[in-house]
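Open the model in your viewer and keep the selection tool ready. The tour goes from the nucleic acid to the chain contact, then to one sheet and a few backbone details.

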Protein chains: 2
Amino acid sequence: MAKNLRPSVQDVARLAGVSLGTVSNVLNNPGVVRRATAERVQQAISDLGFVRNDAARQLKAGKSKTLGLIVLDASNPFFSEVARGAEDRAVSLGYSLIVGNSGNDEDRENHYIGLFEEQRMAGVLVSPAGSDAQLMDELRSKHLRAVLVDRTAPNNSGCSVGVDDMAGGKLAAQHLIDQGRKRIAFVGGPLNIKQVRDRLNGASEVVNETAGATIRIIESAGMTVLAGREIGDRLLAEDSKSRPDAIFAANDLIAIGLLQSFVFNSRIRVPEEIALIGYDDIGFAETAIVGLSSIRQPAKEIGKTSVDLLFDEIENLETHEHRQVTFRPELVVRASSSCI
Amino acid sequence: MAKNLRPSVQDVARLAGVSLGTVSNVLNNPGVVRRATAERVQQAISDLGFVRNDAARQLKAGKSKTLGLIVLDASNPFFSEVARGAEDRAVSLGYSLIVGNSGNDEDRENHYIGLFEEQRMAGVLVSPAGSDAQLMDELRSKHLRAVLVDRTAPNNSGCSVGVDDMAGGKLAAQHLIDQGRKRIAFVGGPLNIKQVRDRLNGASEVVNETAGATIRIIESAGMTVLAGREIGDRLLAEDSKSRPDAIFAANDLIAIGLLQSFVFNSRIRVPEEIALIGYDDIGFAETAIVGLSSIRQPAKEIGKTSVDLLFDEIENLETHEHRQVTFRPELVVRASSSCI
DNA sequence: CAGAATATTTGAATCGTTTCAAACATCTAA
DNA sequence: TTAGATGTTTGAAACGATTCAAATATTCTG
């Protein structure tokens with residue numbers, strides 16, 4: 001086998017009988033080269049099977065046409081959806097998107113940031129695992145253009161796209177109360193996740209304003225179906241008189257886990273004994289054992305908007321102004337929370 | 001703002017009072033440089049906030065430490081799981097993985113292959129949209145090391161990791177027949193997807209060997225929940241005497257769509273009137289309105305094994321031998337297919 | 001302490017593109 | 001026919017890390 005399988009612009013130039021610069025122009029400024037020459041070069045390119053070496057191109061350019069996205073949990077359909085939205089928009093703007101999964105772990109988050117830095121990515125979208133203020137500072141100090149996703153950047157330190165989680169929490173709690181429930185439980189965790197705290201705080205506020213209603217906080221190990229199932233199993237053991245008559249789960253995965261636990265064991269009827277509402281309104285909420293009520297977040301829109309803001313910061317550096325976009329969440333009522 | 005924000009090895013060398021080569025050695029051959037020197041260099045690196053430029057490094061190396069994965073449908077949890085498995089393994093082998101979504105569209109598949117080629121990826125994993133033989137040839141002609149995922153590479157043209165879809169189809173059909181069902185329907189599509197055809201063929205074989213059993217093929221527009229729901233709505237209109245008494249859906253998403261249609265309209269009881277089984281055993285199958293029976297594929301294992309094979313082809317080029325790994329699917333019975 | 005053996009450090013050359021000022025070619029108008 | 005404008009092509013000089021043979025420093029042996 002030959003030593004160097006990959007032809008370079010050099011080889012193309014030689015075969016087409018033109019100079020380096022001309023080949024490059026055919027590739028990047030097709031306008032300036034004469035038709036006949038261009039055709040000759042194209043022919044040489046396809047004869048040799050030449051493919052641009054992106055590393056060399058980037059090295060020269062100093063930066064890439066790639067965006068990075070770090071999500072909290074790639075197995076959560078909400079984030080898949082955000083990623084899809086972001087990718088669609090990125091591609092249509094001529095960028096590529098690569099996705100990293102932090103699993104809410106700051107070390108892994110940093111690992112990806114390091115990777116993105118080495119690759120001189122044009123910019124990054126981060127759904128931060130830790131404190132947003134600190135993260136944004138860190139990113140800035142690394143001269144990385146960044147947009148916070150599913151969070152709000154503090155004091156105009158950068159752009160962000162989020163959803164009003166307090167409002168979402170209020171919607172959920174108010175709905176449960178409207179159904180006549182009093183002993184509300186909040187299930188979610190760990191509580192160091194900001195979104196979880198905000199949703200809880202929103203709910204608490206509403207509950208505390210309502211006479212006779214109480215809220216009980218049950219911290220889960222994570223935001224997964226499994227974590228939800230564990231909490232559910234624990235609740236099964238409690239006395240039906242004192243246990244919650246309504247649960248607000250911090251996301252749909254947890255809610256589905258609770259549902260599994262309650263229904264598979266046929267011990268607790270939903271919504272009769274316990275009303276249940278989740279958060280995110282992922283596609284599978286609708287198709288769960290009992291149709292799951294939820295607080296909808298416009299996932300795809302969040303992804304798209306994030307890319308738009310990042311794009312503006314990258315391409316219009318001069319005129320760019322940081323913006324905080326906040327979407328309003330929306331209540332979606334299904335069987336799990338409303339006895340008809 | 002300064003012109004060039006990013007320090008280079010040059011800058012580090014200057015500050016530390018050593019030569020280029022020494023800095024490079026600190027980075028790549030820490031063993032050979034004297035302790036004191038190394039510390040001085042490290043100091044300079046952190047003082048300047050130096051971060052390696054991966055483009056330059058790759059250019060010199062001629063190839064990257066990144067693997068590419070192209071999946072048929074990123075919104076299908078089965079593929080998310082494959083991707084997770086692949087990423088985990090890749091990272092533990094010192095590689096990064098980037099994922100592209102072809103949406104079963106050959107153009108998009110080619111787009112990603114082009115991208116991966118430009119990036120001189122170490123290798124690619126592809127779950128092919130079209131013909132595997134052709135694709136493998138094409139990849140080979142581009143000197144890309146590749147492993148086919150969820151397919152079988154023909155005549156030893158390369159490595160592949162798949163699942164025996166014929167066997168899966170047989171399992172599903174046999175199970176439905178064992179439940180006493182006779183009018184089996186297969187829902188899936190488009191039929192140009194190889195996996196779909198194989199599952200259908202496996203099922204057909206079993207049905208045709210069974211006296212009195214028939215199979216009806218209903219081609220769906222895609223492999224999504226929505227496509228399933230459309231077919232379901234069509235079936236609702238049919239006469240209950242002649243319509244199928246069992247359905248084998250080509251994947252769980254379609255099955256969930258069917259379930260939605262049947263149950264939301266409260267028109268068809270599952271499994272009493274129609275027994276239903278899906279394919280993939282995604283996590284949400286268990287939590288569907290009616291627990292969904294399915295044919296389980298070891299998604300994470302598929303991802304991991306694919307990376308292992310690719311890794312061997314990359315690192316042990318001399319001794320590498322192409323292998324076709326085929327996993328056996330497994331029947332998982334839940335409520336949707338078995339009246340107790 | 002000389003001389004060999006070993007440990008460190010050096011820096012020019014290289015990877016494949018893109019850029020851009022300069023050179024060359026062709027066309028236009030007088 | 002020619003000066004000037006316009007259209008094409010050229011090729012050397014980056015970009016930033018890695019490599020490696022050669023140079024230099026240090027340690028060891030007798």
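How many residues surround DNA strand D, and which are the closest? Select DNA strand D in this predicted model: 29 residues surround the strand, and the closest are G21(A), T37(A), S8(B), V9(B) and A56(B).

**Stop 1: the surface near DNA strand D**

Colour by element next. At least two residues each are supplied to this surface by α2 and α4 of chain A and by α1 (9–16), α2 and α4 of chain B. α2(B) has the largest share, with five residues. Colouring by residue class gives 10 nonpolar, 13 polar and six charged residues on the surface near DNA strand D.

**Stop 2: the surface near DNA strand C**

Move the selection to DNA strand C. Here S8(A), V9(A), A56(A), G21(B) and T37(B) come nearest among 29 residues around the strand. The elements giving two or more residues are α1 (9–16), α2 (20–28) and α4 (54–61) of chain A, with α2 (20–28) and α4 (54–61) of chain B. Select α2(A) to see the element that gives the most to the surface near DNA strand C, namely five residues. By class, the surface near DNA strand C holds 10 nonpolar, 13 polar and six charged residues.

**Stop 3: where the chains meet**

Hide the DNA and show both protein chains. Chain A puts 32 residues into the contact, and chain B puts in 32 residues. On the side of chain A that touches chain B, two or more residues come from each of α4, α5 (77–92), β2 (96–101), α6 (106–118), α11 (252–264) and α12 (283–286) of chain A. α4(A) provides the largest share of that side, five residues. The side of chain A that touches chain B consists of 15 nonpolar, 10 polar and seven charged residues.

How are the two chains placed relative to each other? In general, two copies of a chain are related by a rotation about an axis and a shift along it. Chain A is superposed on chain B by a rotation of 180° with 0.1 Å of shift along the axis, at an RMSD of 0.1 Å. The two copies are thus related as by a two-fold rotation axis. To find the axis in the viewer, select I289(A): its C-alpha lies 1.5 Å from the rotation axis, the closest approach of any residue of chain A. Of the interface residues of chain A, 100% are also interface residues in chain B, so the copies meet through the same surface.

**Stop 4: a four-stranded sheet in chain B**

Select β6, β7, β8 and β9 of chain B. These strands form an open sheet in the order β7-β6-β8-β9, with parallel pairing. β7 (214–219) and β9 (275–277) of chain B are at the edges with a single partner strand each, so one side of each has no neighbour in the sheet. From one strand to the next, the twist averages 20°.

Zoom in on β6 (residues 183–188) of chain B, which is joined to the parallel strand β8 (residues 246–249) of chain B by four bridges. Within this pairing, V187(B) has A249(B) in β8(B) as its bridge partner. Six bridges pair β6(B) with β7(B), also in the parallel sense. Opposite G188(B), in β7(B), is E219(B). The chain goes from β6(B) through α9(B) to β7(B), a right-handed β-α-β crossover.

Now add the helices. α9 (residues 194–208) of chain B packs on the sheet and touches β6, β7 and β8 of chain B, with its direction at about 175° to that of β6(B). α11 (residues 252–264) of chain B lies across β6, β8 and β9 of chain B, at about 145° to β8(B).

**Stop 5: backbone exceptions**

Most residues other than glycine have a negative phi, and most peptide bonds are trans. Select G189(A) and P190(A), which are joined by a cis peptide bond with omega about -5°. P190(A) is in the loop between β6 (183–188) and α9 (194–208) of chain A. Then select V270(A) and P271(A), joined by a cis peptide bond with omega about 5°. P271(A) sits in the loop between α11 and β9 (275–277) of chain A.

Where is H143(B) found? H143(B) is in the loop between α7 (132–141) and β4 (146–149) of chain B. Phi of H143(B) is near 60°, a positive value in a residue other than glycine.

Methods
Residues numbered from 1 in each chain as written. Chains lettered and ligands numbered in written order. Predicted model: local features only at pLDDT ≥ 70, side-chain atom pairs only at ≥ 80, totals over all residues. Pairing = 2+ DSSP bridges. Axes fitted to C-alpha atoms, helices over the stretch in contact; angles between N-to-C directions. Contact = placed C-beta atoms within 7 Å. Near = placed C-beta within 6 Å. Nonpolar A, V, L, I, M, F, W, Y, C, P; charged D, E, K, R; others polar. Least-squares fit on C-alpha atoms with pLDDT ≥ 70 in both. Right-handed = clockwise from strand over helix to strand, strands pointing away.
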